[in-house]
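I am opening my notebook on this chain. I want to look up how the sheets are built and what packs on them.

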Amino acid sequence: MTGVLQPPIAGCATAGAPSALPVLRERGQREVFCGLTGIVWLHRKMQDAFFLVVGSRTCAHLLQSAAGVMIFAEPRFATAIIEDKDLAGRSDPHEELDRVVAQLLERRGEIRTLFLVGSCPSEVIKLDLARAAQRLNARFAPAVRVFNYSGSGIETTFTQGEDTCLAALVPALPALPAGETDLLVVGTLPDIVEDQFTRLMATVGFESVHFFPPRHSRELPAVGPGTRVLLAQPFLAETLKALQGRGARHLPAPFPFGVAGTTRWLTAATDAFHLPSELLRRACLAPMDRAERSLDRHRALLEGRRVMFFPDSQLEIPLARFLREELGAALVEVGTPYLHRELVGPDLRLLGPTVQLSEGQDVERQLDRCRAERPDLVVCGLGLANPLEAEGIPTKWSIELVFSPVHGYDQAGDLAELFTRPLRRRAALGA
Ligand code: SF4
């Protein structure tokens, strides 16, 4: 496929029958991080936003260890810790929160947007953060706008934090003037990847492309019936629903992982805006060629290898598509916390006829299936990786796939390397 657009690309993003793969639905014990984890990449993206978790010391520890905070750093996130006296009803948590927020905003004048992030403890004591945000907005807007969303671990998986955060922002997006059209790329992308896509899209003829979330939280993109939404992340179901509620239309497409995924994703956008496919073909030749060459050495290692995904990041289906279609891996089981067919349907149709799909988790049963299958590589959460490694099964932490730049042509080789590294390490150890 070196340097040539694949023939089925034109219009393929929405083509094909719905996947008829049977789905194993499990509703047992789960092993996942909570939605607070999303703060790690969201605060890096929105450089003038602050995330105040209203939670416990556990929440504070989770954030500090996930984000690797230096002791003298001035991070743009913190935890307002709910103390025993708040839990016992001996103090008014709303008054306490107002005091903490006032102190914070006085000390950190650069904050333009403040997110109050709910946690398990704040939800258990039914602390109404929507009301708190309303009250604080009355006091601090327009200098600082206050939003609230939930990052709690009750019924969530860790990428849902980004979804609830972005969905909370949607009502604040300005209206796109009637008669105007706009392409809106939705989902946090590292700046370097966003810049690559911006350049590529300008080359193929897009006059205006906006990204959500933006780098500066006050530069929110407009939305309206002329907006076409191209999702960059597959875990944004609530955000998509909120954007559709503002009139935007979704462009279904495989996600931009690897060469074929990125090309189909771009094609969905150019088709929707009736841009010439020849321009896209020419613009993509060089990056596709580079990306194909970067995949070659990884293909040699992954071809025929049996891979199993545990449900964790919600990236599982697009990544399984990439491993199977572009690197020749054999899929044993692809588990996902939630199966949003509207979002992952185009990738799902490319998974092949034999893969076992599972939605939700019953961790012990899934571990039993894994031990019986003994795959060559398991993609799973941190909590399961060490025990599986100890049993001689190589693993890849799924959270790394969210923290690393993995979208687009120029990151295709790095993405493949995330999967081959554990295999190389095993080989080097002679295991
Ligand atoms: Fe733990 Fe819940 Fe806090 Fe997440 S939000 S760190 S799951 S207590």
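**First sheet**

I began with strand 2 (residues 49-55) and strand 3, which run parallel and are joined by five bridges. Helices and strands here are DSSP runs, numbered from the N terminus (H or I of at least four residues for a helix, E of at least two for a strand). The model is predicted: local features need pLDDT of at least 70, side-chain atom pairs count only at pLDDT 80 or more, and totals for chains, interfaces and linings use all residues. Residues are numbered from 1 along each chain as its sequence is written.

I checked one bridge in that pair: V54 has A80 in strand 3 as its partner. I then looked up the whole sheet. It is open, holds four strands in the order 3-2-4-5, and pairs in parallel. Two strands count as paired if DSSP finds at least two bridges between them. Strand 3 (77-81) and strand 5 (145-150) are the edges; each has a single partner strand, so one side of each has no neighbour in the sheet. Neighbouring strands are turned by 25 degrees against each other on average, direction ignored.

**Helices on the first sheet**

I looked for what covers these strands. Helix 4 (residues 93-107) lies across strand 2, strand 3 and strand 4 (113-118), and runs at about 155 degrees to strand 2. Axes are lines fitted to C-alpha atoms, for helices over the stretch in contact; angles run from 0 to 180 degrees between N-to-C directions. Helix 7 (residues 160-169) also packs on the sheet, touching strand 4 and strand 5, and its direction makes about 140 degrees with that of strand 5.

How many residues of helix 7 are buried? I found 10 of the 10, so helix 7 is largely enclosed by the rest of the structure. Buried means 20 or more other C-beta atoms within 10 Å of the residue's own, with C-beta atoms placed from the backbone. The buried residues include Q160, E162, C165 and L169. They pack against helix 1, strand 4, strand 5, strand 7 and helix 9.

**G38**

I moved to a glycine. G38 sits in the loop between strand 1 (23-27) and helix 1 (39-45). Is G38 buried or exposed? It has 28 C-beta neighbours inside 10 Å, so it counts as buried. Leaving aside neighbours within four places in sequence, G38 is in contact with G151, F158, T159, G161, E162 and C165. Contact means C-beta atoms, placed from the backbone, within 7 Å. I also looked up L63, which is 25 residues from G38 along the chain; their C-alpha atoms are separated by 9.5 Å.

**Second sheet**

I found another open sheet of four strands, ordered 7-6-8-9, with parallel pairing. Its edge strands are strand 7 (209-212) and strand 9 (249-250), each pairing on one side only. Helix 9 (residues 237-245) packs on this sheet and touches strand 6, strand 8 (227-231) and strand 9; its direction makes about 175 degrees with that of strand 8.

Strand 6 (residues 182-186) is joined to strand 7 by four bridges, running parallel. V185 is partnered with F211 in strand 7, and L183 with V209 in strand 7. On strand 8, five bridges join it to strand 6, again in parallel. There, D182 has T227 as its partner.

Five of the five residues of strand 6 are buried, so strand 6 is largely enclosed by the rest of the structure. D182, L184 and V186 point one way, L183 and V185 the other. I noted the connection too: strand 6, helix 8 (residues 191-203) and strand 7 make a right-handed β-α-β unit. Right-handed means that, with the strands pointing away from the viewer, the path from the first strand over the helix to the second runs clockwise.

**A helix pair**

Helix 10 (residues 258-272) and helix 12 (residues 316-327) pack at about 120 degrees, with axes 8 Å apart. They are therefore oblique to each other (not under 35, not over 145, not 65 to 115 degrees). G258, V259, A260 and G261 of helix 10 meet P318, R321, F322, E325 and E326 of helix 12.

**Whole chain**

I closed with totals. The chain has 17 helices and 14 strands. Buried residues make up 48% of the 431 residues.

Key: A residue is buried if 20 or more other C-beta atoms lie within 10 Å of its own, exposed if 12 or fewer, and partly exposed in between; C-beta atoms are placed from the backbone. Two residues are in contact if their C-beta atoms, placed from the backbone, lie within 7 Å.
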